[in-house]
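Got a structure open and wondering where all the labels come from? Let's go through them one by one.

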Amino acid sequence: MRIITGSARGINLETLEGEATRPTADRVKEAMFSMLQFDMEGRRVLDLFAGSGQLGLEALSRGASSAVFVDNSRDAVNIVLKNAAKTKLKDRCRAAVYDYETYLEGAAGKEDFHIIFLDPPYNTDAMVNALRLISEGSLLAEGGIIACETDTIPEERQKRKKAPREDDETAVLRDVFCGDEALMSEFVIRKTARYGRTRLTLLEGV
């Protein structure tokens, strides 16, 4: 796992051993940043389920002004800080051990971000809960983007192989918002695409 481009291009990042985190594959990360390529310079970034910190560090390498890294694992945050030092980006980083809900509730009305990376554990309600708290807390800056990485719901995969191609809104409602139409109405789908079993979706505020 490495930084793809920018000031820290080519630097290999440390990761946690075992299955405690699920690093974003380089192919998926490259696709995500291709979607975001014109939206990085000078931006404030939140990497909420930080893991090794690779998404926030990639953004900093490409010109983001600052990044906040949040993870509920002390080991993960220690890895983030090691990677920040290794990439010489530590002076633009803040990293903290928090449950994502606690952090978002505490940051409401105090901070906002131009880019928020959401790559929570699959098969949980963390994505929907995080999006709801971001909306309620006005944590997305004007014109900001939320970059979501989700699983395509397992039981739906076989059905879709034989079904007609569905529209993007239907796919995002299922894979990102878990069918919550009211929450989805608070966002605009900027882009979405599938890469294997992974769906990448960029959301903007209404």
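Q: Why is Ser 138 called exposed?

A: This is a predicted model, so the values here are computed from its atoms. Exposed means over 50% relative accessible area. Ser 138 comes out at 54%, so it counts as exposed. You'll find Ser 138 in the loop between helix 5 (126-136) and strand 5.

Q: What makes the phi of Ser 138 worth a mention?

A: The phi is positive, about 50°, although Ser 138 is not a glycine. Cys 178 is another case: its phi is near 50°, again a positive value in a residue other than glycine.

Q: Where is Cys 178, and is it buried or exposed?

A: Cys 178 sits in the loop between helix 7 and helix 8. The relative accessible area of Cys 178 is 53%, and the bar for exposed is over 50%. So Cys 178 is exposed.

Q: Why is Lys 29 called buried?

A: Buried means under 20% relative accessible area. Lys 29 has 0%, so buried is the right word. Lys 29 belongs to helix 1 (residues 26-36).

Q: What does Lys 29 touch, leaving out residues up to four places away in sequence?

A: Here a touch takes heavy atoms within 4.5 Å. By that test Lys 29 touches Arg 2, Ile 4, Thr 24, Gln 54, Leu 55 and Glu 58.

Q: How do you know that Asn 129 is buried?

A: Its relative accessible area is 18%, and buried means under 20%, so Asn 129 makes the cut. Asn 129 is in helix 5. Leaving out residues up to four places away in sequence, Asn 129 touches Tyr 100 and Glu 101.

Q: What makes Tyr 98 and Tyr 103 an aromatic pair, and why is the pair called tilted?

A: The structure holds four aromatic pairs, and a pair needs ring centres within 6.5 Å. Tyr 98 and Tyr 103 are 6.1 Å centre to centre, so they pass. Their planes are 50° apart. Stacked would need under 30 degrees and edge-to-face over 60, so tilted is what remains.

Q: Are Tyr 98 and Tyr 103 buried or exposed?

A: Tyr 98 has 40% relative accessibility, so it counts as partly exposed. Tyr 103, at 8%, is buried.

Q: Why is the pair of Phe 177 and Phe 187 called tilted?

A: The ring centres of Phe 177 and Phe 187 are 6.0 Å apart and the planes stand at 40°, so this pair is tilted.

Q: What does the pair of Phe 177 and Phe 187 tie together?

A: Phe 177 lies in the loop between helix 7 (168-175) and helix 8 (181-184), while Phe 187 lies in strand 6, so the pair ties together parts that are ten residues apart in sequence. Phe 177 is buried, with a relative accessible area of 1%, and Phe 187 is buried too, at 9%.

Q: How do you know that strand 6 and strand 7 pair?

A: Two strands pair if there are at least two bridges between them. Strand 6 and strand 7 (residues 198-205) have eight bridges, in the antiparallel sense. Ile 189 stands opposite Leu 203 in strand 7. The two strands form a hairpin with two residues between them, and Gly 196 in the turn has a positive phi of about 65°.

Q: How many bridges join strand 4 to strand 5?

A: Five bridges join strand 4 (residues 113-118) to strand 5 (residues 140-151), and these strands run parallel. Ile 116 stands opposite Ile 146 in strand 5.

Q: In what order do the strands of the sheet come, and why do strand 3 and strand 6 stand at the edges?

A: Seven strands form an open sheet in the order 3-2-1-4-5-7-6, with mixed pairing. Strand 3 (93-97) and strand 6 (187-195) each have a single partner strand, so one side of each is left without a neighbour in the sheet. On average, neighbouring strands of this sheet are turned by 15° against each other, direction ignored.

Q: Why is the chain called as compact as a globular protein of its length?

A: The chain has eight helices and seven strands. Its radius of gyration is 16 Å, close to the 17 Å that the globule rule gives for 206 residues, so the label fits. Buried residues make up 49% of the chain.

Terms used. Residues are numbered from 1 along each chain as its sequence is written. This is a predicted model: local features need pLDDT of at least 70, side-chain atom pairs count only at pLDDT 80 or more; totals for chains, interfaces and linings use all residues. Side-chain values use heavy atoms; hydrogens and water are left out. Helices (H or I, at least four residues) and strands (E, at least two) are DSSP runs, numbered from the N terminus. Axes are lines fitted to C-alpha atoms, for helices over the stretch in contact, and angles run from 0 to 180 degrees between N-to-C directions. Buried means under 20% relative accessible area, exposed over 50%, partly exposed in between (1.4 Å probe, protein chains only). The radius of gyration is taken over C-alpha atoms; the globule rule is 2.2 Å times the number of residues to the power 0.38.
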